[in-house]
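Me: I would like a close look at one part of this structure, namely the place where the two chains meet. Please take the contact itself, then the packing around it and the charged pairs, and set them in one connected account.

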Amino acid sequence: MARGAAKKTFLKPLGRDNPVFAQILGICSTLAVTGKLENTVVMCIGVIFVTTFSEGTLSLIRKWIPARIRMMVETLVIATFVIIVDIVLRAFYPDIWRQLGPYVGLIITNCIIMGRAEAFALNNPPGLSLIDGLASGLGYSYVLIVIAFFRELMGTGQLWGVQILGDWWTNWTIMVMPAGAFFMLAIFIWVVKGVFIQEEQHGK
Amino acid sequence: MKSETFFSQRIFPLIFMGAVTVVAITLVTGIYLLTEDQVLRNELLFERQAILDAAGIEFDPDDIERVYEQRVTKENGWYSVQLPDDERGYVISIIGAGLWGPIEMMLGFYEDLERMTGIAILSHNETPGLGARIEQREFTEQFRGRSGPFEMVDEGTAEEDHEIDGLTGATRTTVAVGEIINRGVRNAPDTVRGE
């Protein structure tokens, strides 16, 4: 039972309950940081770290958090982990920190983290909450990485800063502009909902 | 069921919030203090790297400190640099308006304060993938050995000595960078030799 619950908790955010394409959460950062694969991966690692540990921490203290100040506590815990990510990047990966700029700080306002804290961590034990946080972060990450892959490749002909496509390729400038992220995200949601999720609904 | 006393409704939340805040601040402050030196060192290193870049001095990324100590002296608002052929060079820092925010640069000059040894971008907020290409070598290298004032032209069409290839898709950033550099070129003699 416990293992079943853990597995279910882990798989849901990766598939049907994916925070990005099913719940349409965390769109702001999806649009902002997917212009380059490298930045996206660093951002995703940051988000995974923050969702996992803030959900775990909040779940640990959930029985003592007074209901009327729970959102303040959630924000504070999340902000603490985000600032830790920011400081660590700044100290050890200054180049990437410089490129990500304000977006690391904006993890605080990432709706996924707050949403999962509210909906899951406050009602479930720490172990499950850690798993849910990790899975939500991963669910967010793989969508972003797919989008960033196509945006960087089509927008600049490069991947991870390395030239992949030859001279014959004309860069789709719009792909690296914010508008490109809207197109990519929409196409991604369309494909996922059209191909995968629709089948399940027919089966019901 | 828990009874709703004055304490549990009004006082306990305050105490709880206070306690959580203290823990959070302690944690963040601790990590900040642990990494503070590293962060300062990174910033200094980045600035020194930009100065050497602008002066056109080649260096090993692990060796920035030593090369800098050997060749650069900080003056009042500018840097005096010993160039590779023992000539004297100057590097000045300049800041100006880009498309989205300020662009901070280092401009390097030969002794005549006209011909440039190069430029380096310190910070900017230009569009990633478009205007942000001003950081890339293909763009910055164009200024080496040239004299201003410069004219920014369409990417791939620069022919004359004062013409610089702009960046397609980032016209406004290119124009802004051109203006900042031209202002720096104009003011360089005043900055270095005094009013």
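Reply: What follows goes from the contact between the chains to the nonpolar packing, then to the charged pairs, and lastly to a few single sites.

The model is a predicted one, and side-chain atom pairs count in it only at pLDDT 80 or more. The contact between the two chains draws 22 residues from chain B and 21 residues from chain A. Together the chains bury about 2,100 Å², and 77% of that area lies on carbon and sulfur atoms. On the chain B side, B:F16, B:M17 and B:V28 give up the most area to chain A, and these three account together for 23% of what that side buries.

Two of these residues, B:F16 and B:M17, return in the surroundings of A:V73, which touches A:L58, A:I61, A:I65, B:F16, B:M17 and B:V20 when residues up to four places away in sequence are not counted. A:V73 thus has neighbours listed from both chain A and chain B. The residue also belongs to the largest nonpolar core, which has 45 residues, and in which A:V20, A:V50, A:L58, A:V73, A:L100, A:I107 and A:Y140 touch the most other members. At least two residues of this core come from each of several helices, namely helix 2 (27-32), helix 3 (37-60), helix 4 (70-92), helix 5 (94-100), helix 6 (111-121), helix 7 (126-156) and helix 9 (178-203) of chain A, and also helix 1 (6-54) of chain B. Helix 4 of chain A supplies the largest share, with 8 residues. Apart from this core lies another, of 28 residues, with members that include A:V176, B:I92, B:L113 and B:A188.

The polar side of the contact can be described in the same way. Between chain B and chain A there are 4 residue pairs in polar contact, counting those where both residues are at pLDDT 80 or more. The interface holds 1 salt bridge, in which the side chains of A:R90 and B:E43 meet at 3.0 Å, N to O. Over all chains the salt bridges come to 12, and this pair crosses from helix 4 of chain A, where A:R90 lies, to helix 1 of chain B, where B:E43 lies. A:R90 has a relative accessibility of 29% and therefore counts as partly exposed, and B:E43, at 36%, is likewise placed in the partly exposed class.

Other salt bridges lie within one chain. In chain A, the side chains of A:R98 and A:D95 meet at 3.2 Å, N to O. Both residues belong to helix 5 of chain A and stand 3 residues apart, about one turn of the helix. A:R98, at 29% relative accessibility, counts as partly exposed, whereas A:D95 counts as exposed because its value of 51% is over the 50% limit for that class. In chain B, B:D63 and B:R66 pair through their side chains at 2.7 Å, N to O. B:D63 has 24% relative accessibility and is partly exposed, as is B:R66 at 45%. Salt bridges with shared partners also link B:D53, B:R137, B:E141 and B:R144 into one network.

Among the single sites, A:T34 sits in the loop between helix 2 and helix 3 of chain A. Its relative accessibility is 0%, so A:T34 counts as buried. The side chain of A:T34 is joined to that of A:R151 by a polar contact of 2.6 Å. With residues up to four places away in sequence left out, A:T34 touches A:T40, A:L144, A:I147, A:A148, A:R151 and A:A181, so that A:R151 appears both in this list and as the partner in the polar contact.

The cysteines may be taken next. A search of the whole structure finds 0 disulfides over all chains. A:C44, at 2% relative accessibility, counts as buried, while A:C111, at 31%, counts as partly exposed.

A last site is in chain B, where B:P128 is placed in the loop between strand 5 (116-123) and helix 3 (137-140). B:P128 has a relative accessibility of 52% and therefore counts as exposed. B:P128 and B:L44 are 84 residues apart in sequence, and their C-alpha atoms are 24 Å apart in space.

Key. Residues are numbered from 1 along each chain as its sequence is written. Chains are lettered from A and ligands numbered from 1 in the order in which they are written. This is a predicted model: local features need pLDDT of at least 70, side-chain atom pairs count only at pLDDT 80 or more; totals for chains, interfaces and linings use all residues. Side-chain values use heavy atoms; hydrogens and water are left out. A disulfide is a pair of cysteine sulfur atoms within 2.5 Å. Buried means under 20% relative accessible area, exposed over 50%, partly exposed in between (1.4 Å probe, protein chains only). A nonpolar core is a set of buried Ala, Val, Leu, Ile, Met, Phe, Trp, Tyr and Cys residues joined through side-chain atoms within 4.5 Å. Helices (H or I, at least four residues) and strands (E, at least two) are DSSP runs, numbered from the N terminus. Contact means heavy atoms within 4.5 Å. Buried area is the accessible area (1.4 Å probe) that two parts lose on being put together, summed over both. A salt bridge is a side-chain nitrogen of Lys or Arg within 4 Å of a carboxyl oxygen of Asp or Glu. A polar contact is a pair of N or O atoms within 3.5 Å; within protein, one must be able to donate a hydrogen and the other to accept it, and residues adjacent in sequence count only if both atoms are side-chain atoms.
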